[in-house]
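Thanks, everyone; before I start, please have the viewer open so that you can follow along. I will go from the overall picture to a few individual residues.

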Amino acid sequence: MALVLDPTSGGAAANSYCTVAEAQDYFDSRSAGAVVDAWDAADPSQAALLVMATRLLDLCLAPGRKKLMRPAPPAAAYYRTAPTWTGIVATAVQRLLVPR
């Protein structure tokens, strides 16, 4: 079964922040390099890469996430609240953390 990319802003089934065409435009506007070449070579799996990137953004910037900080002894370890998206979600049914 093929992956269905749903970049609907605020959608209940959204799984990406952009379309493959938008990502292609982004990479086309950048100078040629290893990242652009890797994106072009990943043609059959570009949708899956966008879904994974979206998951990583939401995971890294999820509200309430804490990071354990371990300074050198004799200082004690402590938790720091990680950066997060600002504001509140725009709709009650949206699947992703943005729009806000």
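Let me begin with a term: a polar contact here is a pair of N or O atoms within 3.5 Å, where, within protein, one atom must be able to donate a hydrogen and the other to accept it, and where residues adjacent in sequence count only if both atoms are side-chain atoms. By that rule, the backbone oxygen of V4 makes such a contact with the side chain of N15, a polar atom of which lies 3.0 Å away.

I should say at once that this is a predicted model, in which local features need pLDDT of at least 70 and side-chain atom pairs count only at pLDDT 80 or more, while totals for chains, interfaces and linings use all residues. Residues are numbered from 1 along each chain as its sequence is written, and side-chain values use heavy atoms, with hydrogens and water left out.

Now the overall picture. The protein has 3 helices and 2 strands, and from the N terminus on these run α-α-α-β-β; helices (H or I, at least four residues) and strands (E, at least two) are DSSP runs, numbered from the N terminus. The radius of gyration, taken over C-alpha atoms, is 18 Å, where a compact globule of 100 residues would have a value near 13 Å, the globule rule being 2.2 Å times the number of residues to the power 0.38. Along the principal axes, the C-alpha trace spans about 50 × 40 × 30 Å.

Of the 100 residues, 22% count as buried, and by buried I mean under 20% relative accessible area, with exposed meaning over 50% and partly exposed in between (1.4 Å probe, protein chains only). If we take contact to mean heavy atoms within 4.5 Å, then among contacts between residues at least 6 apart in sequence, 42% join residues at least 24 apart.

Let me return to N15, which lies in the segment before helix 1 (20-28). Is N15 buried or exposed? N15 is buried, because its relative accessible area is 13%. Besides the pairing with V4, the side chain of N15 reaches the backbone nitrogen of D6 at 2.7 Å. Leaving out residues up to four places away in sequence, N15 touches L3, V4, L5, D6, V51, T54, R95 and L96.

In that segment before helix 1 we also find G11, which counts as buried because its relative accessibility is 13%. Which residues does G11 touch, once those up to four places away in sequence are set aside? They are V93, Q94 and R95. The C-alpha atoms of G11 and L96 are 8.0 Å apart in space, although the two residues are 85 apart in sequence.

That brings us to Q94, placed in the segment after strand 2 and buried, because its relative accessible area is 11%. With the same sequence neighbours excluded, up to four places away, Q94 touches G10, G11, V89 and P99. The side chain of Q94 has a polar atom 2.9 Å from the backbone oxygen of L96, and that side chain also reaches the backbone oxygen of P99 at 3.1 Å.

P99, likewise in the segment after strand 2, is joined to V98 by a cis peptide bond, with omega about 20°. As background, most peptide bonds are trans. The bond from P73 to P74 is cis as well, with omega near 15°, and P74 lies in the loop between strand 1 (66-69) and strand 2 (78-81).

Finally, two residues of helix 3. Q46 lies in this helix, which covers residues 46-60, and Q46 is buried because its relative accessible area is 3%. The side chain of Q46 reaches the backbone oxygen of W39 at 2.9 Å, and Q46 touches V20, Q24, W39 and D40, not counting residues up to four places away in sequence.

L49 is also placed in helix 3, but L49 counts as partly exposed because its relative accessibility is 41%. Neighbours within four places in sequence aside, L49 is in contact with W39 and A42. Measuring sticks of another kind are the C-alpha separations: L49 and V20, 29 residues apart along the chain, are separated by 9.5 Å, whereas Q94 and L49, 45 residues apart along the chain, are separated by 21 Å.
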